[in-house]
Amino acid sequence: MQIPTHVKFEDRELPPLEEGQTRLVVAAGGVYRERHTQIFTSSARVEGRGLQLADHYQYCRLHCGKLNRAMHRAMLSFFYHAHSLHDGEAALVLLYDPDRGRFRWHCPRQTIEMHWSYGRWWTSDHIRFDNPPVLPDGFLHFGDAHLHAGSVAPSVTDLEDDQDGLHIIVADVNKQPRYHVDFVVDGRRFHVAPSVIFEDPDCLPLSHAPRRWLQQIHVRRYVPYSWSTPERNKNGREEDDDPPYRSRNRYSDNGDQSA
Ligand SMILES: [Zn+2]
């Protein structure tokens, strides 16, 4: 059954409905059947079944290939060592070169917050970081990966903030890492099995992490006014620490890696 079909956009007028014409209009409110007969002109919203439409399904298949084991372990190693520094989260930005089918990590400057309470420092369960302002030639911003200190499930903040792209959450990085991976496109979140995106989903962290990446971690300590102060921030103000990682470490600096 061939019925002329028009999609109605906000900035575009539909052509006039001529006498004798029947057409469908797909608009924000659904599908409308429009008729212009000798007796009436109408536009009636109709259900799909009334139009003998078939079911359709949302789906997403990735064609980008997998992160190789070296990149995967670089991510785990960074998260493992970052977590050992502050017990909190850490994040990496994932870039992709579609022409060469290559991934690359970008480690952004990232800030974790800690506050003093009940005689100890508590680490917040979120991390702040910016996406790279300039991308290497040929690379696109493809998504990100971040560490959770607790559940592997996306937080409310993750669900609200995730833009289109691949989003990897890692938990239990100091045991057998667990993953939650989603690909978001057009605002829809599609779950991705770890075996789809990782060459070796069971691999473990290395014993070291790239030094330049660890130097991107900044801890912002906050002491509420109501608490007696520990050794610093005596007026209840915020203050940035130096990066917690020092150059005494003898680990090699792998920097960003390409798959
Ligand atoms: Zn999260």
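The following exercises, each with a worked solution, concern the strands and two loop residues of a predicted model.

Because the model is predicted, local features need pLDDT of at least 70 and side-chain atom pairs count only at pLDDT 80 or more, while totals for chains, interfaces and linings use all residues. Residues are numbered from 1 along each chain as its sequence is written.

**Exercise 1.** Determine the strand order of the open sheet that contains β1, and state which strands lie at its edges.

Solution. Begin with the terms: strands (E, at least two residues) and helices (H or I, at least four residues) are DSSP runs numbered from the N terminus, and two strands pair if DSSP finds at least two bridges between them. On that basis four strands form an open sheet in the order β1-β2-β3-β4, with mixed pairing. The edge strands are β1 (5-7) and β4 (41-46), each of which pairs on one side only. From one strand to the next the twist averages 25°, where axes are lines fitted to C-alpha atoms and angles run from 0 to 180 degrees between N-to-C directions. Within this sheet, β2 (residues 22-27) and β3 (residues 30-36) run antiparallel and are joined by six bridges, and R23 stands opposite E34 in β3.

**Exercise 2.** Work out how β10 is connected to β9 and to β11, and whether β10 is largely enclosed or not.

Solution. Take β9 (residues 140-147) to begin with: five bridges join it to β10, the two strands run parallel, and G143 stands opposite L166 in β10. Together with helix α2 (residues 156-161), β9 and β10 make a right-handed β-α-β unit; right-handed here means that, with the strands pointing away from the viewer, the path from the first strand over the helix to the second runs clockwise. Turning to β11, seven bridges join it to β10 in an antiparallel arrangement, with A171 opposite R178 in β11. Finally, five of the seven residues of β10 are buried, so β10 is largely enclosed by the rest of the structure; buried means 20 or more other C-beta atoms within 10 Å of the residue's own, exposed 12 or fewer, and partly exposed in between, with C-beta atoms placed from the backbone.

**Exercise 3.** Locate D172 and D186, and give the phi and the exposure of each.

Solution. D172 lies in the loop between β10 (165-171) and β11 (178-185), strands that form a hairpin with six residues between them. Although D172 is not a glycine, its phi is positive, at about 55°, and with 15 C-beta neighbours inside 10 Å it counts as partly exposed. D186, in the loop between β11 and β12 (188-192), is likewise not a glycine and has a positive phi of about 50°; with 7 other C-beta atoms within 10 Å, D186 is exposed.
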